[in-house]
Amino acid sequence: MSQDERIYVVGNQKIIIEEGSAGQRILDIGGGGEGIIGLCYGNRVIAIDPRKDELEETPEGPLKIVMDARELSFLDNSFDAVTSFFTLMYINKDDHEKVFKEIYRVLKDNGEFVLWDATIPEYDGGIKDIFVIQLEIETPIKVIKTGYGVSRKDKVQDIEYFTRIGESIGFNVIKEEVRDKVFKIIFRK
Ligand SMILES: C[S@@+](CC[C@H](N)C(=O)[O-])C[C@H]1O[C@@H](n2cnc3c(N)ncnc32)[C@H](O)[C@@H]1O
């Protein structure tokens, strides 16, 4: 079986990242890959990712640190904002609550956690076991076309799933946006 036959593709998803949002000091969780948040907000961003190679590929500007979101080496109340741009889909569901708790801990009071992620349907056990989402991301700097892919096994998720986790650990949901198969949630501590 070819790799292409295994891919469940969700195409043509559009994201707009506005200028001037987020905070003064921003922690970007999983800031490797395209490094979209670092590209948008430059040296206001501290980008963490457990993969050094992923961080090395991203644009210059942010402070890049090799670190795992499950155990953040920052003091409590350190950041005005935390972002996760299509990173939680890469983290095991068993670890999501732990990651949310770490994000809550390092955010200042009234700080915002901005989460962008994909709606992933339940895996039916068939040959299409790899989920790929294709995005066109409009940033204040340029438009980026990219795709993010993960194994579909144990990955079912949607906006309600993350809203529930956030609320269960103490966040308030202040904004929710669903646009086709992608969503954005703004939580406030
Ligand atoms: C493909 S990227 C997502 C998009 C990325 N935020 C961007 O701007 O392009 C997902 C990233 O999450 C990272 N990641 C996976 N597990 C992680 C964890 N436990 N903590 C932090 N980052 C993690 C991966 O190494 C990868 O670089």
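## A hairpin to start with

Strand 7 and strand 8 are linked by a hairpin, with four residues making the connection. Keep in mind that this is a predicted model.

The two strands run antiparallel, and nine bridges hold the pairing between strand 7 and strand 8 (residues 143–151). To find your way around, look for Phe131, which sits across from Val150 in strand 8.

## The other partner of strand 7

Strand 7 (residues 130–138) also pairs with strand 1 (residues 7–16), this time in the parallel sense, over eight bridges. A handy place to spot this is Ile7, whose bridge partner in strand 7 is Ile130.

## Around the ligand

Now for the ligand. Which pocket does the ligand take up? The space it fills is the largest pocket.

There are 18 residues around the ligand, and those that come nearest are Gly30, Glu34, Asp49, Phe85 and Tyr148. Sorted by class, the shell contains eight nonpolar residues, five polar ones and five charged ones.

## Contacts with ligand nitrogen

A few N or O atoms of the protein are worth zooming in on. Asp68 uses its side chain: an N or O atom there is 2.9 Å from a nitrogen atom of the ligand. With Ala69, a backbone N or O atom lies 2.9 Å from a ligand nitrogen atom. Phe85, already met as one of the residues that come nearest to the ligand, has a backbone N or O atom 2.8 Å from a nitrogen atom of the ligand.

How much of the ligand's accessible area does the protein cover? On its own the ligand has 590 Å² of accessible area, and the protein covers 92% of that.

Definitions and conventions:
Residues are numbered from 1 along each chain as its sequence is written. This is a predicted model: local features need pLDDT of at least 70, side-chain atom pairs count only at pLDDT 80 or more; totals for chains, interfaces and linings use all residues. Side-chain values use heavy atoms; hydrogens and water are left out. A residue is near a molecule or strand if one of its heavy atoms lies within 4 Å of it. A polar contact is a pair of N or O atoms within 3.5 Å; within protein, one must be able to donate a hydrogen and the other to accept it, and residues adjacent in sequence count only if both atoms are side-chain atoms. Accessible areas come from the Shrake-Rupley method with a 1.4 Å probe; for residues, only the protein chains shown count as cover. On a 1 Å grid over the protein atoms alone, a cavity is a set of points where a 1.4 Å probe fits but cannot get out, and a pocket is an open set with protein on both sides within 12 Å along at least five of seven lines; lining residues have an atom within 4 Å of a point. A molecule sits in a cavity or pocket if more than half of its atoms lie within 2 Å of its grid points. Ala, Val, Leu, Ile, Met, Phe, Trp, Tyr, Cys and Pro count as nonpolar, Asp, Glu, Lys and Arg as charged, and the others, Gly among them, as polar. Two strands pair if DSSP finds at least two bridges between them.
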